[in-house]
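Here is a short walk through one protein chain, with the sequence and the 3D view for company. Keep the viewer open and follow along.

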Amino acid sequence: MPLRYIILALAFLVLSCNQPGSQVSTIASGRLAAADSGQQSTTFTSNAGPITSINTGKTTPAQLVAFARTLTGITYKYGSVNPQEGFDCSGFITYTFNHFNIAVPRSSKDFTNVKEPTELKHAKPGDLILFTGTDSTQKVAGHMGIIVNAGDSISFIHATSGKQYGVTETPLNAYYQGRYLKTIRVFSQNH
């Protein structure tokens, strides 16, 4: 059976079993996005208002980071959540979390509503890190990544439109420190 029919059948099942307030409800309120390549991919986002918490279920930070690293080298493409075309920064985050059926906001700006901010010095792998856009004088989230190494040498994985032009791991250098906005803890295991 072609993958698109399986996805449609699963979407119908989730919608028909939808219980308000459950994680299934949050996921079912998402949209089925068709990729330009003709294949379909599922993007789980909330249409019920801003997402203020992220339910990671049984997924561990290590699982998320390991999967994110498998996407290293995928090219940058603004507005895309399709790995065959490339990712923008929030598209990379969305695709990574959606791989585990975890609903997240679609834009980096919308992640500012997510609760559980934590100090950068307490960051752990799997935490999200938010930055301004390239204009650091505008203190609005415009870029983001997933922390992969913490402690004295913090690094994060992200989809960048800069020199690397794609999914790459980057140390939290002076350039990104100047754009830093906040760190968000999404995994209960990191408490």
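## Starting at Ser155

Which side chain is joined to that of Ser155 by a polar contact? In this predicted model, the partner is Asn149, and the polar contact between the two side chains spans 2.8 Å.

Ser155 belongs to strand β8, which covers residues 155-160. Is Ser155 buried or exposed? Its relative accessible area is 8%, and since buried means under 20%, Ser155 is buried. Once neighbours within four places in sequence are set aside, the contacts of Ser155 are Ile146, Ile147, Val148, Asn149, Glu169, Thr170, Pro171 and Leu172. If you colour the elements, you can place several of these: β7 runs over residues 141-149 and β9 over 166-171.

## Further along β8: Ala159

Stay on strand β8 and you will come to Ala159. Its relative accessible area is 0%, so Ala159 is buried.

Which residues does Ala159 touch, leaving out those up to four places away in sequence? The list is Tyr76, Phe87, Asp88, Cys89, Phe92, His143, Gly166 and Val167. There is also a long step in sequence to look at here: Lys77 is 82 residues from Ala159 along the chain, yet their C-alpha atoms are 8.8 Å apart in space.

## The second largest pocket

Ala159 also leads us to a pocket. The second largest pocket holds about 420 Å³ of space. It is lined by 26 residues, and those closest to its centre are His143, Ala159, Thr160, Ser161 and Arg179. Two or more lining residues come from each of α4 (89-98), β7 (141-149), β8, β9 (166-171) and α5 (174-179).

What is the make-up of this lining in nonpolar, polar and charged residues? For the second largest pocket, the lining divides into 16 polar residues, six nonpolar and four charged.

## Helix α4

One of the elements that contribute to this lining, α4, deserves a look of its own. How many of the 10 residues of α4 are buried? Nine of them are, which leaves the helix mostly covered. The buried residues in α4 are Cys89, Ser90, Gly91, Phe92, Ile93, Thr94, Thr96, Phe97 and Asn98. Two of these names, Cys89 and Phe92, may be familiar, as both are among the residues that Ala159 touches.

## Two backbone angles to check

Most residues other than glycine have a negative phi. Glu116 goes the other way: it is not a glycine, but its phi is positive, about 75°. Glu116 sits in the loop between α4 and β5 (117-118), and with 41% relative accessibility it counts as partly exposed.

Tyr165 is a further example, with a positive phi near 45° in a residue other than glycine. You will find Tyr165 in the loop between β8 and β9. Is Tyr165 buried, partly exposed or exposed? Its relative accessibility is 44%, so Tyr165 counts as partly exposed.

## The chain as a whole

Now zoom out. The chain has five helices and 10 strands, and 43% of its 191 residues are buried. The chain exposes about 9900 Å², with carbon and sulfur atoms supplying 54% of that area.

What share of the contacts between residues at least 6 apart in sequence joins residues at least 24 apart? In this chain, the share is 59%.

Definitions and conventions: Residues numbered from 1 in each chain as written. Predicted model: local features only at pLDDT ≥ 70, side-chain atom pairs only at ≥ 80, totals over all residues. Heavy atoms only, no water. Helix = DSSP H or I, 4+ residues; strand = E, 2+ residues; numbered from the N terminus. Buried < 20%, exposed > 50% of the residue type's maximum accessible area, 1.4 Å probe, protein only. Polar contact = N/O pair within 3.5 Å; in protein donor to acceptor, adjacent residues only side chain to side chain. Contact = heavy atoms within 4.5 Å. 1 Å grid on protein atoms, 1.4 Å probe; cavity = no way out; pocket = protein on both sides within 12 Å on 5 of 7 lines; lining within 4 Å. Points joined across faces, edges and corners; volume = space filled by probe spheres on them. Nonpolar A, V, L, I, M, F, W, Y, C, P; charged D, E, K, R; others polar. Areas by Shrake-Rupley, 256 points an atom, 1.4 Å probe, with all protein chains shown as cover.
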